[in-house]
Amino acid sequence: MALLRYSLALLLSALTCVQAVSLRASMHDLKVLLNQQNSFNLSLTEPPDSRTVTVTIDVQHPDLLATNPSNFSITESKLRVWVILVKGLNAGHSIVSVNVTPSDIMDFSDAFVRVTIEKSEALYHISAVVGWVYFLAWSVSFYPQIYVNYKRQSVVGLNFDYLSLNVVGFIMYALFNCGLYWIPEIENEYFKRYPKGLNPVQINDVVFSLHAVFATVLTIGQCFIYERGNQRISITARIIHGIFTVFILISVILAAVKTIQWLDFLYYCSYVKLSITLIKYVPQAFYNYKRKSTDGWSIGNVFLDFTGGILSMLQMILNAYNYDDWESIFGDPTKFGLGFFSVAFDAFFMIQHYVLYRHSDEKVIDLNGRI
């Protein structure tokens, strides 16, 4: 028994020692210009035991970047920090990690860096400016419609199917962003699934989605106050809402009983948002066609949404060129395709407003709620 206790004590001591010794990177994200160098540090928390440890630098895409040194040895010397130089060979993204031999002597899971090799620093800043401009354009785009409703004291011309789909889509989008950004357990699930990934949700995504819900709910509130004619949510829209509701309820139950993770539930919410983005403009376009008028549908909203969509696609193109990452557009066309789809509908709304129905009689529509 004494021998067993002694063996367990030695094992516990060894495990504690292993946990105490770790190799860490000074940063997890690094930018480097093409054909130029940058650096990061690898640091050791505690000296290893008497064995010599070999550290090999592993580059995910060696055609994109080179490191110096490519390997080094750790001994009992006092050196605890090593500077790793990184040179950009081609534009793109790569992960620099390490392999340690023997591997059981220390924890090196935190010794990795995501490296972005960009062609131009100027393009990076231009892309950032474009991103903020389209963020502002989309954020402001809700208010022309709110103002038009207030000025006319009527929501005739604003399709209720479009409005109901829009609020559900933004609620799903807000759930995804808030959950992944603010709930540590879900963020931990994400990093367990993608250990070297980066949280895709930033604070501006959270602010935009919450603001979008607020502005859309405010617009819906106007529908209960102002003249709305004989408008109702259509049976088709109610069926669509029912399908989405059943889908989300089943997902919640599956997450609650741990059949799926809550991260998966948030992804399902994002899929609902994507689906709604594909269909939400159709009711408004058809409503304008039936009324042969765009009165009550704010063209300012359309212009701002069009501006945001164009700039969003422009930013994706700038980034794809700067990082030589055209697969982000052509390999996974969802985001770009949705932006293009929105811009195409905005262009169609402009044609309806300025060409097809430019001579519609606003007074008749306002008084009667119909043509």
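**Exercise 1. The edge strand E6**

Task: Which residue in E6 does Thr54 stand opposite, and which residues of E6 belong to its covered face?

Solution. Start with the single pair: Thr54 stands opposite Ser73 in E6. This is a predicted model, so everything worked out here describes a prediction. Next, widen the view to the two strands. E4, residues 53-59, pairs with E6 in the antiparallel sense, and four bridges join them. Now turn to the faces of E6, which spans residues 71-74. In a regular strand, side chains alternate between the two faces of the sheet. In E6, Phe72 and Ile74 make up the covered face, while Asn71 and Ser73 make up the uncovered one.

**Exercise 2. The five-stranded sheet**

Task: What is the strand order of the open sheet of five strands, and why is one side of E2 and of E6 left without a neighbour in the sheet?

Solution. First, write down the order, which is E2-E9-E8-E4-E6, with mixed pairing. Then look at the two ends: E2 (29-33) and E6 each have a single partner strand, so each has one side without a neighbour in the sheet. Finally, add the twist. Ignoring direction, neighbouring strands of this sheet are turned by 25° against each other on average.

**Exercise 3. The four-stranded sheet**

Task: In the open sheet of four strands, what is the order, and which strands are at the edges?

Solution. The order is E1-E3-E7-E5, and the pairing is antiparallel. E1 and E5 (65-68) are the edge strands, as each pairs on one side only. From one strand to the next, the twist averages 25°. To check one end in detail, take E5 and E7: they pair in the antiparallel sense over four bridges. Within these strands, Ala66 stands opposite Lys87 in E7.

**Exercise 4. Two nonpolar cores**

Task: Which residues touch the most other members of the largest nonpolar core, and which element gives the largest share of it?

Solution. The largest nonpolar core has 28 residues, and Leu23, Leu42, Met106 and Val115 touch the most other members. Next, ask where the members come from. Two or more residues each are given by E1 (23-25), E2, E3 (37-44), E4, E6, E7 (81-88), E8 (92-101) and E9 (112-118). The largest share, four residues, comes from E4.

Now zoom in on Val115. Setting aside neighbours within four places in sequence, Val115 is in contact with Leu30, Val32, Leu65, Val86, Gly92, His93, Ser94 and Val96. A second, separate core holds 20 residues, including Leu263, Phe265, Leu266 and Val272.

**Exercise 5. Two helix pairs**

Task: What are the packing angle and the axis distance for H2 and H10, and for H4 and H6?

Solution. Two packed helices are described by the angle between their axes and the distance between the axes. H2 (residues 121-140) packs on H10 (residues 299-322) at about 160°, with the axes 8 Å apart. An angle over 145 degrees counts as roughly antiparallel, and H2 and H10 are therefore roughly antiparallel to each other. The crossing of H2 past H10 is left-handed.

For the other pair, H4 (residues 160-182) and H6 (residues 203-225), the angle is about 150° and the axes are 8 Å apart. That makes H4 roughly antiparallel to H6. H4 passes H6 in a left-handed crossing.

**Exercise 6. Two residues of H10**

Task: Is Gln315 buried or exposed, and which residues does Phe303 touch beyond four places in sequence?

Solution. Begin with Gln315, which lies in H10. Its relative accessibility is 14%, and buried means under 20%, so Gln315 counts as buried. Leaving out residues up to four places away in sequence, Gln315 touches Ser127, Val130, Gly131 and Tyr134.

Phe303 is also found in H10. With 36% relative accessibility, Phe303 counts as partly exposed. Not counting residues up to four places away in sequence, Phe303 touches Met350 and Tyr354. Phe303 and Asp346 are 43 residues apart in sequence, yet their C-alpha atoms are 7.4 Å apart in space.

**Exercise 7. The whole chain**

Task: How many helices and strands are there in the chain, and what percentage of its residues count as buried?

Solution. Count the elements: the chain has 13 helices and nine strands. Then take burial, where 42% of the 371 residues count as buried. Lastly, consider contacts between residues at least 6 apart in sequence: 77% of them join residues at least 24 apart.

How values were computed:
Residues numbered from 1 in each chain as written. Predicted model: local features only at pLDDT ≥ 70, side-chain atom pairs only at ≥ 80, totals over all residues. Heavy atoms only, no water. Buried < 20%, exposed > 50% of the residue type's maximum accessible area, 1.4 Å probe, protein only. Pairing = 2+ DSSP bridges. Axes fitted to C-alpha atoms, helices over the stretch in contact; angles between N-to-C directions. Core = buried A, V, L, I, M, F, W, Y, C linked by side-chain atoms within 4.5 Å. Contact = heavy atoms within 4.5 Å. Parallel < 35°, antiparallel > 145°, perpendicular 65-115°, else oblique. Left-handed = near helix turned anticlockwise from the far one by under 90°.
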